Amino acid sequence: MPAPIATTYWKASKAPRYSLLFAFPLLLVYELLAFVLTHDAISGVRNGADVLLKSLFIALGGRNGVVVFGVILVGTGLVLIWRDMRRSGGDLRPGWFGWMMLESVVYALLFGLIAASLTSLLLHGRLWFLLQVPMERLDLATQLMVSLGAGIYEELLFRVILVGALFKAGKLLGWKPATAGVVATIVGAFIFSAFHYVGPYGDKLELTSFAFRTIAGILFSGLYLLRGFGVTAWTHALYDVFLSLR
């Protein structure tokens, strides 16, 4: 008996042929905006996770290193998509990308309220953090560009790479998968939060904002595990964009 369409969608949309294809336009728009606004692949204003991921390649090869990074990133994604397409027999339903975008919009609209409510419960404070406007030192176009970069590069760095590495490290230590997953998520969330206070554009360290971002990191990790990279990346990007447009 065929699986219900909702079950099929929920499972398939996490697979690379959907998740990575869904994320590629986000990467493309971010990189195009960054080029148009800064005309500099090395010293221009960009998302911090983007800079961190490319730093080794820039150190080794300068501008050519950025090209190498891009080729590796896109090439790896295309290989994963190709392998997934082969396993699935080429099954791809374009209409499902619309549902994935709708999911991302809904999650982005709800995300701040959920994270701020949990922060308020934890610290017995008000939801004042939602009233803050991030990146005040940047013009709107640059804010939007950095917001899109947060979706693609912060999720790649902090969820796919960092939480994934911490999870594997826990398993190597002999921990049960559930224990390794919980520890990886919490430690990764603390590192994700701390990252926002580093560098010339970092925010002033405050308990409420740190707690909010730690909870946000946990929520993003949960969303990544449930809905895959593509939906999580777009949710993160749209949430930051909505904050910038307030």
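Okay, let's start with helix 4, and with what it tucks away: the buried residues there are Trp96, Phe97, Met100, Glu103, Ser104, Ala108, Phe111, Gly112, Ala115, Ala116, Thr119 and Ser120. Keep in mind that this is a predicted model.

So how far does helix 4 reach from its first C-alpha to its last? For its 29 residues, 95-123, the answer is 42 Å, close to the 42 Å you'd expect at 1.5 Å a residue. There's a kink in it, though, of about 35°, and Leu110 sits at the centre of that kink. Then, just after helix 4, you hit His124, with a positive phi of about 55°.

Right, on to the second largest pocket. Its volume comes out at about 570 Å³. Of the 24 residues lining this pocket, the ones closest to its centre are Leu20, Leu80, Leu156, Val160 and Phe229. Which helices supply at least two residues each of that lining? They are helix 2 (16-38), helix 3 (48-88), helix 5 (140-172) and helix 7 (207-245). Helix 3 gives the largest share, with eight residues. As for the chemistry, the lining splits into 19 nonpolar residues, four polar and one charged.

Last stop, Leu245, which lies in helix 7. Leaving aside residues up to four places away in sequence, Leu245 touches Leu140 and Leu144. Take the pair Leu245 and Leu140: they're 105 residues apart in sequence, yet C-alpha to C-alpha they're 7.9 Å apart in space.

How values were computed:
Residues numbered from 1 in each chain as written. Predicted model: local features only at pLDDT ≥ 70, side-chain atom pairs only at ≥ 80, totals over all residues. Heavy atoms only, no water. 1 Å grid on protein atoms, 1.4 Å probe; cavity = no way out; pocket = protein on both sides within 12 Å on 5 of 7 lines; lining within 4 Å. Points joined across faces, edges and corners; volume = space filled by probe spheres on them. Helix = DSSP H or I, 4+ residues; strand = E, 2+ residues; numbered from the N terminus. Nonpolar A, V, L, I, M, F, W, Y, C, P; charged D, E, K, R; others polar. Expected span 1.5 Å × (residues − 1). Bend = angle between axes of the 7 residues up to and from the residue. Buried < 20%, exposed > 50% of the residue type's maximum accessible area, 1.4 Å probe, protein only. Contact = heavy atoms within 4.5 Å.
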